[in-house]
Each structure stands twice: as structure tokens, then as C-alpha cells.
Amino acid sequence: MSDDLIKIILVDDHPVVREGLRGMLNAEPDLDVVAEAASGPEALAMTLAHRPQVVLMDLRMPGGDGVAATARIRAECPDSRVVVLTTYETDSDILRAVEAGASGYLLKDTSRVDLLHAIRAAGRGETVLTPSVAAKLFSRVRGGQVPSLSAREVEVLRQVKRGLSNGEIGKELFISEATVKTHLLRVFTKLDVSDRTAAVTTAMEYGLLD
């Protein structure tokens, strides 16, 4: 077995979710799903048995929640990183998970590319948060309100960060140039800025961009 192989345990109480994730992850040459669990206690037992680099953890499950399991795993298997994958992004859920020691917090509508990136990053010991989650944590740290950008506005701003023109962004996202301009104007208003460069810089300061 290669030293670069990232061993993963899937924790979710829905078998169909685990099956889909297993198929996706095992298709990657550097990822290996070594076990599955349907509850927090099972997750701890599997982690103790297999010592994976990454535990992909659902938050709310019958028979023991993901936050408690995350805390136990981090205490008893400190080399195993926990990445939360959930449908919930309330402040309380996020803060509880991060305080329990989660290395990542992703939503289940996360793209395949972003999920794979997060797992590999966690395997390297890095922390990965979906932009909306990072914004909520940033708001708590600053004690203020973080502007709320839509998913499309964030995507447009990502393309601006890449240096693309409005026309190029439109082609990239399959929308008209006029629609791109509309999204940017809304972003400028929400971030209280007047140009593209300031929009990108401010969004990064708020943790709204990866």
C-alpha cells in the first residue's frame, strides 16, 4: 500500500449516501474508503480499529451525533482528521463542530471537486471550510455582520479573482455579460466597494472566497 494513500472512514446514517460517496472516493487512485459507520459510537470504533487519516462525518444521526464523535475521535485518535459533511450550516452547528476539533466543515451540496480537495487537504493536516461557513466563523471572530453573497455572486467573484473580464466570465458560467455586470453591481453594494479589485480583496478579508 502506498504511503501517499489517504484512508477514509465514511460516517452517515443513510446507506445510499455512503454508497455514493464510497464509489466517488474509491475511483480516486490516492483515496481508499476503509470502513463505514452509521452513528457516532460506530464512527469512534471504526476509527480506533482502522486509524484513517480522514473521517468524513455527518452531524445529525440517530444513536449519537457527529459533534460528540468528533470530540472523542480527536481525543483518542489525534492523527485522524474529521471533516464534517452535512446539510446544516447554523452558527451553533458550525461552532460546536469546530470547537470539537473538526478540520473541515462542508455542505452536502459541495461539488465533487471541492470535496476531493477538502479530503486531500485534511489528509495533509490543513483546515478546509466552505465559504459560507468561513464567513459565519469570521463574523463571530470580528463580532460583526458579514455580508451575505449568493452562490452565483461568489462564483462570479472567483472568476474576477482569476483576472477574467465580464465577457470571459459570462462564457465560463454560461450567462450573459449583462448578467455578470448585474451580479457584480450587487456584490459592490453588499461589500460597500466601488471596483472589482476592492470587491475581491474585501470578500477575501471576510472569508467569502476560498
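A residue counts as buried when its relative accessible area is under 20%, and as exposed when that area is over 50%. In this predicted model, Ile-9 has 0% relative accessibility and is therefore buried. Two further residues, Phe-174 and Asp-192, are taken up below for their backbone angles, since phi is near 60° in Phe-174 and likewise near 60° in Asp-192.

**Ile-9 and its surroundings**

- Ile-9 belongs to strand S1, which covers residues 6-11, and because its relative accessibility is 0%, which lies under the 20% limit, the residue is classed as buried.
- Once neighbours within four places in sequence are left aside, the contacts of Ile-9 include Val-34 and Ala-35, then Met-46, Thr-47 and His-50, and also Pro-52, Val-54, Val-55 and Leu-56.
- Met-57 stands 48 residues from Ile-9 in sequence, while the C-alpha to C-alpha separation of Ile-9 and Met-57 in space is 8.3 Å.

**Positive phi in loop residues**

- Most residues other than glycine have a negative phi.
- Phe-174, which is not glycine, has a positive phi near 60°, and it is placed in the loop that runs between helix H8 (166-173) and helix H9 (177-191).
- With 78% relative accessibility, a value over the 50% limit, Phe-174 is therefore exposed.
- Asp-192 is also a residue other than glycine with a positive phi, near 60°, and its place is in the loop between H9 and helix H10 (196-205).
- Because the relative accessible area of Asp-192 is 71%, which is over 50%, this residue too is exposed.

Notes. Residues are numbered from 1 along each chain as its sequence is written. This is a predicted model: local features need pLDDT of at least 70, side-chain atom pairs count only at pLDDT 80 or more; totals for chains, interfaces and linings use all residues. Side-chain values use heavy atoms; hydrogens and water are left out. Helices (H or I, at least four residues) and strands (E, at least two) are DSSP runs, numbered from the N terminus. Buried means under 20% relative accessible area, exposed over 50%, partly exposed in between (1.4 Å probe, protein chains only). Contact means heavy atoms within 4.5 Å.
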